[in-house]
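Reader: I am new to this structure and would like a close look at one part of it. Please start from a single pairing and then work outward.

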Amino acid sequence: MLLQISALLVACVLGLICHLYKVNFSFWKKYRNVPSVRGQIFCSNLKDIILFRTNFGFALREVYEDPKFANSSVVGVYGLYKPSLLIRDPELIKSILIKDFDRFCNRYSKPDVHTDPIAAKSIFFGDYKLWKEMRSKFSPMFSSGKLKSMFPLLMSVGANMSDHMARQGQVFCMEVKDVCARFTTDVIATTIFGFSSDSLKNPEEKMHIEIRKLGLFDLQRALQVVIIFFAPKLVRLFGAKLFEKNCQEYLVASLQQIIQEREVGGRIRNDLIDIIIKLKQEASFEGPKDLASFMETMYSQAIVFLAAGYETSATTMSFALFELAKQPEVQEKLRKEILGAFKDTSGELSYESFNSMEYLEMIVNETLRMYPPVPILERKHGKAEEGISQPYSLMPYCDYALPEGMPIYIPIFGLHYDEKYWPNPWQFRPERFSSDNKNSINPMTYLPFGNGPHNCVGNRLGLMQTKCGLMHILKNHKVRMGDRTMKQLDFDPKAFVLQLKGGMNLEFVRDDMCDNELLE
Ligand code: HEM
């Protein structure tokens, strides 16, 4: 009996695979006008994907760079099982992200609102109506005025970073991704949660450990993320969740406690907690269930801000340090600029002089070109129930009309290395972003923060914390390649964002440039 059931199950699975290949993976063959890849799962070698030897971001870059498609505006590809479209042409990218946003206002990825409400109700994944409401309520948190008021908080976390560096001795090797992540976790914790911490001094701090789990991708989490992003219809079946259960519970409980303390104490801190309390006061609730659902939506935003906010900037900081270690002359020029900014303000760096460090900004921009932490953007063509009744014609780019619900992918990684837009793309050249050059950059070929109404809402905080962290590391230290520095970067295909396998070890030499000069 058992044998018969097993045989039936195997036959069903095989039948399903055959059906998938017949129906789904032959989809693009029907449309001769659309250049397309061969029908294979993930448009790459299935074995490599299942064994996590590559991931979708890297696979799409290969498709983008395939000489066969060099003159194509679009390429028909396949997600896990779904026919999808890769967009190569910058003008068409502009139409999708900005001009025709009303047709592409949702992402294809989707957690399940019943089993994973904290992820599903977030500004990142929420459907248009919820997204619009959350975006308008929380965007003011990143206004120029708010960023200016956050600056002293960042500088105080930066001072912890300088102290941490000073404690390490004269010459030392450091795993920079970990240190940078501790720095950005503290920044996000203080600016968003209103929770001051020094995880550089106290790495065992519970809050820090739990927040860091948001950026960890073990095999189980990697699989769940793949399902949420590429097979959202299967999310419920597999019970895929974006965040690890204990971590999510801990963060929700902490938020409840912080909000309660703030409500009782009445302290104003100009952070996300203040916004949540204000929204709660302004809203009216039909009962405890309504209030609980509202608060769930608020916790959802806070946790997504945490997840989106610390890992991306820490990654950018560590790749910037890697490039600076390789190019001592670029590093020297940057360190002189940092010294100049501190000297001009007698050591008490102001927000204005911080923002006037042009070379630092150029270095961060170039780092984000070479190492975009999020390697692809994704959207979904609208559905009939969302009011989209007509297919979306791709003319004059391609004689094809997008059907409802089709996933769209924009290969940031591919665009950032395209020689057409970036001569010698493998070279780290901050000058590409100098005031003379940056105006000639087509914004649709440089998308580290996405673009359009769904772009990264925290982009300016991301840049500010990346620059602040680098400044505090380099103020009194030089960075260089050490014996333990990997010569060839080895990216972790399990991570949905750009991450290195085994971190990044770099060597630091203390030289007290800033402190000595300021004492003179
Ligand atoms: C270097 C740092 C960062 C990078 C490279 C980055 C990159 C991105 C990218 C590529 C997207 C998708 C945009 C799109 O689909 O068009 C995104 C979305 C988002 N990011 Fe960031 N991010 C960074 C920092 C931050 C920070 C500091 C926060 C908040 C504290 C944040 C919060 C978000 C949120 C909430 C979204 C979803 C926005 C929406 O869908 O409306 N990010 N980010």
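In strand 9, which residue is the bridge partner of Cys-173?

Author: The bridge partner of Cys-173 in strand 9 is Glu-507. Before going on, note that the model is predicted. The pairing belongs to a longer contact: strand 3, residues 171-175, and strand 9, residues 505-510, are joined by five bridges and run antiparallel. Strand 3 has two faces, one covered and one not. Phe-172 and Met-174 make up the covered face. Cys-173 is on the uncovered face, together with Val-171 and Glu-175.

A second group of strands can be read in the same manner. Strand 1 (74-78) and strand 2 (83-87) run antiparallel and are joined by five bridges. The two form a hairpin, with four residues between them. Within this pair, Val-75 has Leu-86 of strand 2 as its bridge partner. Strand 2 also pairs with strand 7, here in the parallel sense and over two bridges. Leu-86 turns up here too, standing opposite Tyr-409 in strand 7.

How much of strand 2 is buried? Five of its five residues are, so the strand is largely enclosed by the rest of the structure. Pro-83, Leu-85 and Ile-87 point one way, while Ser-84 and Leu-86 point the other way, and both sets are buried.

Helix 4, residues 90-99, has Pro-90, Leu-92, Ile-93, Ser-95, Ile-96 and Leu-97 as its buried residues. Strand 1 and strand 2 are among the elements that cover these residues. Strand 4, strand 5 (392-393), strand 7 (407-410) and helix 18 are also included in that cover. At the start of helix 4, a side-chain oxygen of Asp-89 comes to within 2.8 Å of the backbone nitrogen of Glu-91.

Two of the covering elements, strand 5 and helix 18, also border loops with backbone details to point out. Pro-396 sits in the loop between strand 5 and strand 6 (401-402). The peptide bond leading to Pro-396 from Met-395 is cis, and its omega is near 5°. Asn-424 is in the loop between helix 18 and helix 19. Its phi is near 45°, which is a positive value in a residue other than glycine. Asn-424 counts as partly exposed because its relative accessibility is 38%, between the limits of 20% and 50%.

The loop between helix 18 (412-416) and helix 19 also holds Cys-456, and this leads to the ligand. The SG atom of Cys-456 is 2.3 Å from the iron atom of the ligand, and it is the single donor that the protein provides. Cys-456 is also one of the residues that come nearest to the ligand, out of 29 around it; the others are Arg-107, Trp-131, Arg-135 and His-454.

Several polar side chains reach oxygen atoms of the ligand. For Arg-107, a side-chain N or O atom is 2.7 Å from a ligand oxygen. Trp-131 has a polar side-chain atom at 2.8 Å from an oxygen atom of the ligand. Arg-379 likewise places a polar side-chain atom 2.8 Å from a ligand oxygen.

The shell around the ligand draws at least two residues from each of helix 6 (128-138), helix 14 (288-326), strand 4 (377-380) and helix 19 (459-474). Helix 14 supplies the largest share, which is six residues. By type, the shell has 15 nonpolar residues, 11 polar ones and three charged ones.

The last stop is Ile-227, which lies in helix 10, residues 219-230. Is Ile-227 buried or exposed? It counts as buried because its relative accessibility is 14%, under the limit of 20%. Leaving out residues up to four places away in sequence, Ile-227 touches Pro-232, Leu-234, Val-235, Phe-238 and Ala-240. Ser-109 is 118 residues from Ile-227 along the chain, yet their C-alpha atoms are separated by 8.5 Å.

Pro-232, one of the residues that Ile-227 touches, lies in the loop between helix 10 and helix 11 (235-238). Pro-232 is buried too, with a relative accessible area of 17%. Neighbours within four places aside, its contacts are Tyr-108, Lys-110 and Ile-227. With Leu-339 the situation is another one: Pro-232 and Leu-339 are 107 residues apart in sequence and 50 Å apart in space, C-alpha to C-alpha.

Note on methods. Residues are numbered from 1 along each chain as its sequence is written. This is a predicted model: local features need pLDDT of at least 70, side-chain atom pairs count only at pLDDT 80 or more; totals for chains, interfaces and linings use all residues. Side-chain values use heavy atoms; hydrogens and water are left out. Buried means under 20% relative accessible area, exposed over 50%, partly exposed in between (1.4 Å probe, protein chains only). Two strands pair if DSSP finds at least two bridges between them. A residue is near a molecule or strand if one of its heavy atoms lies within 4 Å of it. A polar contact is a pair of N or O atoms within 3.5 Å; within protein, one must be able to donate a hydrogen and the other to accept it, and residues adjacent in sequence count only if both atoms are side-chain atoms. Ala, Val, Leu, Ile, Met, Phe, Trp, Tyr, Cys and Pro count as nonpolar, Asp, Glu, Lys and Arg as charged, and the others, Gly among them, as polar. Donors are N, O and S atoms within 2.8 Å of the metal (3.2 Å for Na, K and Ca); water is not among the atoms, so sites may look incomplete. Contact means heavy atoms within 4.5 Å.
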